[in-house]
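Please open the model in a viewer and keep the sequence panel visible. The tour below proceeds by selections, each followed by a description of what is found there.

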Amino acid sequence: MTRITGHRGARGLWPENSLTGFREVLGLDVDAVEFDVHLTGAGELVVIHDAVLDRTTDASGSVVDLTPATRAALRLQGSTEPIPTLDQVLAVLSAGGGDQHRPDLHVELKPSGGAGQVAAIVQRVVAELQRFGVRSRCHLSSFDVSLLAACQQIAPDIPRLVSVNRSWAEAQGGLATFAQGVRGLARIIAVERRLLAEQWDAIARIVPAERLCVWTVNDPAEIARWLDRGIGHLTTDRPDLALAVRDG
């Protein structure tokens with residue numbers, strides 16, 4: 001059965017990467033929750049997708065330049081909440097939903113610097129996953145294969161998810177070549193929906209369908225087509241719709 005992942009919590013229903021979104025998405029009994037983590041220059045692990053503040057908050061500037069005080073003072077778009085820290089998010093998600101539902105966590109790492117910053121964010125995130133008792137239900141995620149290699153070295157027991165879109169695939173010699181190269185590194189290969197639809201037959205011969213993820217699919221008719229293909233994972237901004245199509 002296809003596993004449904006709420007994208008950045010469930011950004012089509014609540015403000016993306018917000019504590020409200022993470023609390024509410026648990027009530028949908030999703031199979032997994034995806035979110036993004038940056039390490040600021042002040043040493044905070046914060047949960048936000050972009051490297052800049054402009055799109056999702058009432059402030060501007062770089063995430064890496066945030067201090068705890070400036071982070072606490074800004075507000076997410078459509079919310080009265082600030083950008084949450086990783087420990088705040090894990091406090092919500094480690095508790096689970098109704099009847100002790102415990103979704104998997106897809107944790108996308110967003111380093112801003114070189115190799116030293118990569119190692120630092122991986123080590124810090126892994127320590128937090130361990131502290132909150134969620135390590136066994138996580139995937140560490142990135143577009144960056146070298147970052148995932150660092151994850152494999154630092155925390156070989158935590159499975160990895162690699163994402164790819166059209167421009168990244170083309171830079172790697174095409175989607176098929178990319179998929180061949182990462183099969184041993186990543187348990188899940190997550191492909192942008194239009195690219196995967198175009199190359200489904202070729203990719204499904206290389207990677208078993210249960211190890212493929214399609215993102216980001218929000219239309220019920222398109223969701224149904226992916227479910228009919230037997231894909232392993234589907235990431236969506238509207239997990240309520242995806243679950244209704246799958247389970248209804």
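Contact, as used on this tour, means heavy atoms within 4.5 Å. Helices (H or I, at least four residues) and strands (E, at least two) are DSSP runs, numbered from the N terminus. The model is predicted: local features need pLDDT of at least 70, side-chain atom pairs count only at pLDDT 80 or more, and totals for chains, interfaces and linings use all residues. Residues are numbered from 1 along each chain as its sequence is written, and side-chain values use heavy atoms, with hydrogens and water left out.

**First selection: helix 1**

Select residues 19-26, which form helix 1. Its buried residues (buried means under 20% relative accessible area, exposed over 50%, partly exposed in between, with a 1.4 Å probe and protein chains only) are L19, G21, F22, V25 and L26. These residues lie on the same side of helix 1, because they cover an arc of only 165° around the axis; the arc is that of the directions from the helix axis to the C-beta atoms. Now add strand 2, strand 3, helix 3 (86-95) and helix 11, which are included in what covers the buried residues of helix 1.

**Next: the loop at G41**

Move to the loop between strand 2 (32-39) and strand 3 (45-47), where G41 is placed. Is G41 buried or exposed? With a relative accessibility of 66%, G41 counts as exposed. A distance drawn from its C-alpha atom to that of L90, 49 residues apart along the chain, gives 21 Å.

**Next: strand 4**

Select residues 104-109. In strand 4, 6 of the 6 residues are buried, so the strand is largely enclosed by the rest of the structure. One side carries D104, H106 and E108, the other L105, V107 and L109.

Display the neighbouring strands; two strands pair if DSSP finds at least two bridges between them. Strand 2 runs parallel to strand 4 and is joined to it by 6 bridges, with E34 having H106 as its bridge partner. Strand 5 (residues 138-142) also pairs with strand 4 in the parallel sense, over 4 bridges; here L140 stands opposite V107.

**Last: helix 10**

Select residues 220-229. Buried in helix 10 are E222, I223, W226 and L227. Their arc around the axis is only 140°, which puts them on the same side of helix 10. They pack against helix 8 (193-198), helix 9 (200-206), strand 8 (212-215), strand 9 (233-236) and helix 11 (239-247). Finally, centre on G230, just after helix 10, which takes a positive phi of about 80°.
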